Amino acid sequence: MQVLLHAHLRKPDRMSNQEFFGAWKQESAAVAAGVAAGVIHKVWKVPGRYEVVAIVEVESVEQIDALTHSLPLFKLGYDFMCDFQWTLLGSYEEWSQRLEGLAAG
């Protein structure tokens, strides 16, 4: 199943740019590996913000926690900088077919 990941990152006031962007660079390498493995279908950086949006393939919702905790930002102890929102995605084509019955009453 596909899920939408919207990741908001916060740079703590006392954290240097070198430390913050160095950690993000490690995260970027993990994302590239996820894309190469086919787990991440698409990924975007939101311009002007410390935000990333991605379409991720998972076998089950239980895999979301494992994926989250395997990311470098979590392994490095920077989980306090991250706010991840995972949204399950359903097929619009299937929904469109269900609308026929719903609209008929």
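These legends describe close-up views of a predicted model. Residues are numbered from 1 along each chain as its sequence is written, and side-chain values use heavy atoms, leaving out hydrogens and water. Local features need pLDDT of at least 70, side-chain atom pairs count only at pLDDT 80 or more, and totals for chains, interfaces and linings use all residues.

**View 1. Four strands form an open sheet.** The order is 2-3-1-4, and the pairing is antiparallel. Strands (E, at least two residues) and helices (H or I, at least four) are DSSP runs, numbered from the N terminus. Two strands pair if DSSP finds at least two bridges between them. Strand 2 and strand 4 (82–88) are the edge strands, each pairing on one side only. On average, neighbouring strands are turned by 15 degrees against each other, direction ignored. Axes here are lines fitted to C-alpha atoms, for helices over the stretch in contact; angles run from 0 to 180 degrees between N-to-C directions.

**View 2. Strand 3 pairs with strand 1 and with strand 2.** Strand 1 and strand 3 share 7 bridges in the antiparallel sense. Leu-5 stands opposite Ala-54 of strand 3. Strand 2 (residues 40–46) and strand 3 (residues 51–57) run antiparallel, joined by 6 bridges. Here Ile-40 stands opposite Val-56. The hairpin of strand 2 and strand 3 has 4 residues between the strands, and in it Gly-48 takes a positive phi near 80 degrees.

**View 3. Helix 1 covers residues 17–37.** At 1.5 Å a residue, its 21 residues should span 30 Å (1.5 Å times one less than the number of residues). The end C-alpha atoms are 30 Å apart, which agrees. Just after the helix, Gly-38 takes a positive phi of about 85 degrees.

**View 4. Helix 1 has a buried side and an exposed face.** Its buried residues (under 20% relative accessible area, 1.4 Å probe, protein chains only) are Phe-20, Ala-23, Trp-24, Glu-27 and Gly-34. They fall within an arc of 95 degrees down the helix axis, so they line one face; the arc is that of the directions from the axis to the C-beta atoms. Gln-18, Lys-25 and Ala-36 are exposed (over 50%; partly exposed lies in between) on the face turned away. The buried residues pack against strand 1 (2–9), strand 2, strand 3 and helix 3 (72–75).

**View 5. Glu-51 lies in strand 3.** Glu-51 is buried, with a relative accessible area of 10%. Its side chain makes a polar contact with the side chain of His-6 at 2.8 Å. A polar contact is a pair of N or O atoms within 3.5 Å; within protein, one must be able to donate a hydrogen and the other to accept it, and residues adjacent in sequence count only if both atoms are side-chain atoms. Leaving aside neighbours within four places in sequence, the contacts of Glu-51 (heavy atoms within 4.5 Å) include Trp-24 and Trp-44.
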